[in-house]
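Work through these short exercises with the model open. Each solution follows its task step by step.

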Amino acid sequence: MGQYVVVENEGRYCFNLCASNGHILMSSIIFPSKDECLHGIECVRASAAEAEIEDSTVDAFDRESTPKFRIYEDFDGHFFFRFITHEAGDIARSHTYELKESLLRRIERTRAECDSSLAADEN
């Protein structure tokens, strides 16, 4: 399994969900407290495995209810997703990928590893 790694900087917090191979699957927004950051992790754990994919890069895409992975394309033609929960809203995003297929594989890996534990030094 992967792990959630909480990062603190000047009293603000974020988390990375890291795959078992060490790659970052997604990075969270900045939270004003560690408790809110930990709550964000719980929101991901509770909802990412069953979240739908909403592909906003296609014309007339279907809007999915939350939780969902919403796919975007930037001006350089790279793809990324934002993870949106019902409770916490737009909570995390992925890195960018040149190919949409690579991004879709990253979403599947995120679904598979979303129930990972907190890094040992964060307990």
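**Exercise 1. Which side chains make polar contacts with the side chain of Thr-57, and at what distances?**

Solution. This is a predicted model.
- Step 1. Start with Asp-55: its side chain and that of Thr-57 are joined by a polar contact of 2.4 Å.
- Step 2. Turn to Lys-100: a polar contact of 2.8 Å links its side chain to that of Thr-57.

**Exercise 2. Place Thr-57 in the fold and describe its surroundings.**

Solution.
- Step 1. Locate the residue. Thr-57 lies in the loop between strand S4 (52-55) and strand S5 (68-73).
- Step 2. List its contacts, leaving out residues up to four places away in sequence. Thr-57 touches Ile-71, Tyr-72, Glu-73, Phe-79 and Lys-100.
- Step 3. Judge exposure. Thr-57 has a relative accessible area of 24%, so it is partly exposed.
- Step 4. Check a residue 30 places along the chain. The C-alpha atoms of Thr-57 and Glu-87 are separated by 25 Å.

**Exercise 3. How many disulfides does the model hold?**

Solution.
- Step 1. Set the cut-off: a disulfide needs two cysteine sulfur atoms within 2.5 Å.
- Step 2. Test Cys-18. Its closest cysteine sulfur, in Cys-14, is 11 Å away, so the pair is too far apart for a bond.
- Step 3. Test Cys-43. The nearest cysteine sulfur, that of Cys-37, is 11 Å away, and Cys-43 is in no disulfide.
- Step 4. Give the count: zero disulfides.

**Exercise 4. Are Cys-18 and Cys-43 buried or exposed?**

Solution.
- Step 1. Buried means under 20% relative accessible area.
- Step 2. Cys-18 has 12%, so it is buried.
- Step 3. Cys-43 has 7% and also counts as buried.

Definitions and conventions
Residues numbered from 1 in each chain as written. Predicted model: local features only at pLDDT ≥ 70, side-chain atom pairs only at ≥ 80, totals over all residues. Heavy atoms only, no water. Buried < 20%, exposed > 50% of the residue type's maximum accessible area, 1.4 Å probe, protein only. Helix = DSSP H or I, 4+ residues; strand = E, 2+ residues; numbered from the N terminus. Contact = heavy atoms within 4.5 Å. Polar contact = N/O pair within 3.5 Å; in protein donor to acceptor, adjacent residues only side chain to side chain.
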